[in-house]
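Please load the coordinates in your viewer and keep the selection panel at hand. The tour moves from one whole chain to a sheet and the helices on it, and ends where two chains meet.

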Amino acid sequence: MKCFVGIDLGSTTTKAVVLDASGAVLGRGITNSRSNYDVACEIARNEAFLDARVNLLQRAVEDKPELTEKARGLPYVLRRNFQRAQHVHLLRELEETCTVNARRAGAAPDVMDALREVFDQMENRTCKAFDQNARPRSDFFRDLASAEYMRLGQIVARRRRVEFEVLLGIFDKSIIAVESSVPETSLQETMEKALEHSLPLFDLSADAQRALKGLVDAAVARRLTTAVTVGTGYGRARLPFLKEFIRSEILCHGLGAHALFPGTRTVLDIGGQDTKAIQVDADGVVTSFQMNDRCAAGCGRYLGYIADEMNIGLHELGPIAQEARKRVRINSTCTVFAGAELRDRLALGQRREDILGGLHRAIMLRAMSLLSRSGGIHDEFTFTGGVAKNAAAVMALGELVEENYGERKINVSPDSIYTGALGAAIYARRAGAGDREEQLAVTAAGGAR
Amino acid sequence: MLQQKEMIAAHFRKLGEARERGQKVVYTFVPGNLTELMLAFDALPLHPEINALQSGMRKLSGEYVAEAERAGHSEDVCTYVKCDVGMLLKGNVGPDGTKLPEPDLLLLSYTGCFTFMKWFELLRQHYDCPVAMLHVPYQADGEATPDMLEYVVKQLRTEVIPKLERVTGRKYDEDRVREALVRSARAEDDLVRVLETAKHRPSPIDAYFGGVYYIGPMFTAFRGTEEAEAYYAQLRAEVEERLARGQGPITPEGLLDEERFRLVVEGPPNWTHFREFWKMFYDERAVVVASTYTKVGGVYDRGFRHDPARPLESLAEYCLGCYTNLSLPTRVEMIADYVRDYAADGFLINSIKSCNSFSAGQLVMLREIEDLTGVKGSFIETDLVDPRYFSASNVKTRLESYFQMLEQKRAAREEVPV
């Protein structure tokens, strides 16, 4: 099956989208950008292809009436289990690297014991993220592993009277190496293991199990060939692609938003370090744009910093802010100052919810200024990027749009974070169409490995 | 380019020796400069903003700006000013390493930039030398009226000329001014011809990055000299030869042979990363076919010429008509004309972070030019000589996005059946 891949190398996360020849989305993948864009690119792509196989499997299951009823959702459970297996694999690799690094640094026996104890408990706890009903949170390996290592490390260090800083140093030294390698897991083997874990959760006859296994094998064995890959985002220059296959993120976001919502005329994208206000025409072609410069206050990283300051998870910010009864005024011109202001407000006894409510309005005020500079907000208005996942941000934006421009149809897709990658994938498909197809496919395959 | 560099270097040498030769030194600015008048008094002009941009190109400006900030100048002050003040505080060694002479006169011949006045106030405090100020009315309604002209000419007679006479000890000799103006007008003809070759496709010149070198002598100490006349005659011959051969412009990495984008640019270039900035254009095969920056020292391609028959009047007209003295609507009209006359694919505004008087209103200009021409513009922000305000990856992302946008629009246009 011929596929077209778009990769968006953002400052915080790297996303990949796989399209089939008809332009339908086959799969999506995301990972943290880490310090190694090449690895991030490969992992996001692998994730997207895994997602594509899972989706193909789901379609196959839906095509078999005898399976549909009883095995509904199984492909997704299978995926979680697959990801869990990958996670465990990485965890083992991390433990091994930590042990080697600790030994090399001449760590005392009690440090080695503490390290072992931490890792003994980590697997159980971090794997909870892959449970069927897990609370939504980041499932990037680095985030899961470091949060749990910090927590357990402190407890174990206290009990064993080992210096926590020593444990922390070992982790810091090891995580980058582990994160910068692409895990060598066999698709076939890992899928089999995942299926073994998943099957008991479903009430299936022996025949049905056999039939399902056949479908899984077929999904794993299916040849998915990449015809063209197009890259975009901050790390685009790092991609081993021909210049022809690197597109600006502005164009990719414009086109991606147009693909998600064909009526789109204005796009706001808020990513890790960028805010982009983009105007597009009826074909999704960008006609004008504005970007933040010199300062990334009000972007995703700003929210990440604020979450750290308040000692809560990034995913919790929005829900807390939605509990606001009033909005405290917070400046949005400097991330670090906003942090200080926040502590100041808390000390004055203001509610955390109200402060966060004000903060979400503050970042949207910044976006509004950029939007007006790009030519205003026209119907329909599509909000994309990681920050669009935050319901409080969407709400604050909606209010400001109404106040300043009156009624506008605001589109937010649950897959908004993939908008840039989707646009890139559409460019890949366009590049692969027509007479030049074969020649491009050859160069792209050669260039993108 | 080499000859131009040699001329500028020779001028700095002359400035270094001015004291020994008994020549008087006049500090003055590029917009509305009265070079022919100063030369008629055998005075040597020195342009603080040229020193600042030279310092920027030679990577010295960061240190000078920091020095000025240590002396109490705010982060928001024009960085030309801070660069100049910093250089002064560090011993007034010019960009080429020779110590610059102190001014005998501060000649402020253009007041459209408010900062210029403040700048010379600072210099007067420091040097305690005479100041001649020529108040040049802003063309708020889009034209220089006869009253304005008379007002400026009167100031030339009663303020500028008497002070030049007093400082240099020479009598005003109008014939010398006329002689210089003859040469000016000839060189101006040649410069205009050079700039207008860019209407051809492919353009044999880059009218912004390359243009900076073409305007150098005309905008600084050479207008009205024999050297300048010869320089422009030679430049014209060279460029016409390139035009006849159908060649593209020369870049620091050689000939640009395949013109992909034709652009009009508003605003000065960034000097601290001049080469890097230029590369972002020629790597994409983008050629600037017209720019407004190459008009800050005179808008010759719209018809104005220095006129020996009316020496003071034409100098006054010149001061009133330089690009920075034009109103926003006039600037919009001029850029829109460039977009049309030079068949540009797009236009770019490089807004200067620390220039309050010139950057104000540029977003409005962008929208109006888009409306007038139907061509979409792009907007970036950098600075003149403060290296901290040039964010290469940011500028590059915008430019790349813009070029890809232009390409996409072009592709969409070509698909439409005729």
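What percentage of the 449 residues in chain A is made up of buried residues? Bear in mind first that this is a predicted model; with the whole of chain A selected, buried residues account for 46% of its 449 residues.

Keep chain A selected and turn it along its principal axes, where the C-alpha trace spans about 65 × 60 × 45 Å. The radius of gyration of chain A is 23 Å, which agrees with the value near 22 Å that a compact globule of 449 residues would have. If you colour by secondary structure, chain A shows 16 helices and nine strands. Should you draw a contact map of chain A, then of the contacts between residues at least 6 apart in sequence, 73% join residues at least 24 apart.

Next, select the strands S5 to S9 of chain A, five strands that form an open sheet with mixed pairing, in the order S7-S6-S5-S8-S9. Strand S7 (286-291) and strand S9 (410-412) of chain A are at the edges and have a single partner strand each, so one side of each is left without a neighbour in the sheet. Looking across this sheet, you will find neighbouring strands turned against each other by 20° on average, with direction ignored.

Zoom in on strand S8 (residues 381-384) of chain A, which pairs with S9(A) in the parallel sense over three bridges. To place the pairing at the level of residues, pick Thr382(A), whose bridge partner in S9(A) is Asn411(A).

Now add the helices that meet this sheet. Helix H9 (residues 249-260) of chain A packs on the sheet, where it touches strand S5 (266-270), strand S6 (275-280), S7 and S8 of chain A, and the direction of H9 makes about 60° with that of S6(A). Helix H13 (residues 352-374) of chain A lies across S5, S6 and S7 of chain A, and runs at about 35° to S6(A).

Finally, show chain B together with chain A, and select the place where 15 residues of chain B are in contact with 15 residues of chain A. On the side of chain B that touches chain A, strand S10 (377-382) and helix H16 (392-415) of chain B each supply at least two residues, and the largest share, ten residues, comes from H16(B). Coloured by class, this side of chain B has four nonpolar, six polar and five charged residues.

Definitions and conventions: Residues are numbered from 1 along each chain as its sequence is written. Chains are lettered from A and ligands numbered from 1 in the order in which they are written. This is a predicted model: local features need pLDDT of at least 70, side-chain atom pairs count only at pLDDT 80 or more; totals for chains, interfaces and linings use all residues. Two strands pair if DSSP finds at least two bridges between them. Helices (H or I, at least four residues) and strands (E, at least two) are DSSP runs, numbered from the N terminus. Axes are lines fitted to C-alpha atoms, for helices over the stretch in contact, and angles run from 0 to 180 degrees between N-to-C directions. Two residues are in contact if their C-beta atoms, placed from the backbone, lie within 7 Å. The radius of gyration is taken over C-alpha atoms; the globule rule is 2.2 Å times the number of residues to the power 0.38. A residue is buried if 20 or more other C-beta atoms lie within 10 Å of its own, exposed if 12 or fewer, and partly exposed in between; C-beta atoms are placed from the backbone. Ala, Val, Leu, Ile, Met, Phe, Trp, Tyr, Cys and Pro count as nonpolar, Asp, Glu, Lys and Arg as charged, and the others, Gly among them, as polar.
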